[in-house]
Amino acid sequence: MKCRKFLALLMTGALMSAPALALDDDYRQPIKVTSDNSSADIQSYTLIYSGNVRIVQGSMEIKADELKVISSAEKGNEVMIATGKPATYTQMMENGLPAEAQAKEIRYEVRTRQLTLSGDAQLSQAGSLMRGNTISYNVEKQQLIAEGKEDEQITTIFLPADLGTENQSETEPKPEPEAEPKP
């Protein structure tokens with residue numbers, strides 16, 4: 001099991017090879033939650049949102065069927081647990097490309113900027129894709145750990161940078177060689 005986690009971490013370094021951090025300004029923005037319904041348990045610092053839930057902070061967006069926000073007396077220490085079929089996450093990175101994810105459950109810890117995707121999880125960035133049962137992704141540090149199920153391995157798909165030009169040259173007709181002039 002430790003070997004699988006180490007290998008997953010090693011491989012995901014290549015998956016997220018472009019040095020892409022989330023936009024710094026995102027974390028200075030307020031977190032806005034919209035939904036069809038909400039309820040609160042003030043004593044346990046818990047809020048429940050349901051129906052067309054949307055969480056936005058700068059360029060980060062999470063969409064879900066339901067959201068549970070566990071808070072504390074300390075501001076900025078919220079844990080948001082979004083569930084859906086699937087719940088989705090997108091965020092623009094500094095390199096101008098979006099990071100996109102989906103899972104049955106997306107857990108976002110505001111203070112640490114940690115995303116944990118559980119249940120049919122997948123994460124894509126810069127054309128590469130990773131699938132597994134659980135993917136833990138620290139947005140700020142760009143660190144990722146993926147785990148499969150006991151009977152399923154993780155899957156990582158890498159796209160070479162020159163894939164587009166390679167395919168194009170294969171489909172274009174090759175020019176005929178010029179005939180040598182006769183003396």
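Student: In E9, which residue is the bridge partner of Tyr 137?

Tutor: This is a predicted model, so let's read the pairing off its strands. E8 covers residues 128-138, and E9 covers residues 143-147. The two pair in the antiparallel sense over 5 bridges. In E9, the partner of Tyr 137 is Leu 144.

Student: And in the hairpin of E8 and E9, which residue takes a positive phi?

Tutor: Look at the link between the strands, where the hairpin has 4 residues. The positive phi there is near 55 degrees. The residue that takes it is Gln 142.

Student: E8 also pairs with E10, right? What's the bridge partner of Leu 129 there?

Tutor: E10 is a short stretch to scan, residues 155-157. E8 and E10 run antiparallel to each other, with 3 bridges. In E10, Leu 129 is matched with Ile 157.

Student: How many bridges join E7 to E8?

Tutor: E7 spans residues 114-125, and E7 and E8 run antiparallel. One of the pairs puts Gln 122 opposite Arg 131 in E8. The hairpin they form has 2 residues between the strands, and Ala 126 in the turn has a positive phi of about 55 degrees. As for the bridges joining E7 to E8, the count is 10.

Student: Is E8 largely enclosed or not, and how many of its residues are buried?

Tutor: E8 has 11 residues to go through. Most of the strand counts as buried, so E8 is largely enclosed by the rest of the structure. The number of buried residues in E8 is 8.

Student: What about Gln 114: buried or exposed?

Tutor: Gln 114 lies in strand E7. Leaving aside neighbours within four places in sequence, its contacts include Arg 107, Tyr 108 and Glu 109, along with Ser 136, Tyr 137 and Asn 138. Its relative accessible area is 19%. The cut-off is under 20%, so with 19% Gln 114 comes out as buried.

Student: Zooming out, how many strands does the protein have?

Tutor: Follow the elements from the N terminus on: α-β-β-β-β-β-β-β-β-β-β-α. The helices in the protein number 2. The strands come to 10.

Student: Last one: what share of the exposed area do carbon and sulfur atoms supply?

Tutor: Some context for the whole chain: buried residues make up 32% of the 183 residues. Among contacts with a separation of 6 or more, 42% link residues 24 or more positions apart. The protein exposes about 11,700 Å², and the carbon and sulfur share of that is 51%.

How values were computed. Residues are numbered from 1 along each chain as its sequence is written. This is a predicted model: local features need pLDDT of at least 70, side-chain atom pairs count only at pLDDT 80 or more; totals for chains, interfaces and linings use all residues. Side-chain values use heavy atoms; hydrogens and water are left out. Buried means under 20% relative accessible area, exposed over 50%, partly exposed in between (1.4 Å probe, protein chains only). Contact means heavy atoms within 4.5 Å. Two strands pair if DSSP finds at least two bridges between them. Accessible areas come from the Shrake-Rupley method with a 1.4 Å probe; for residues, only the protein chains shown count as cover.
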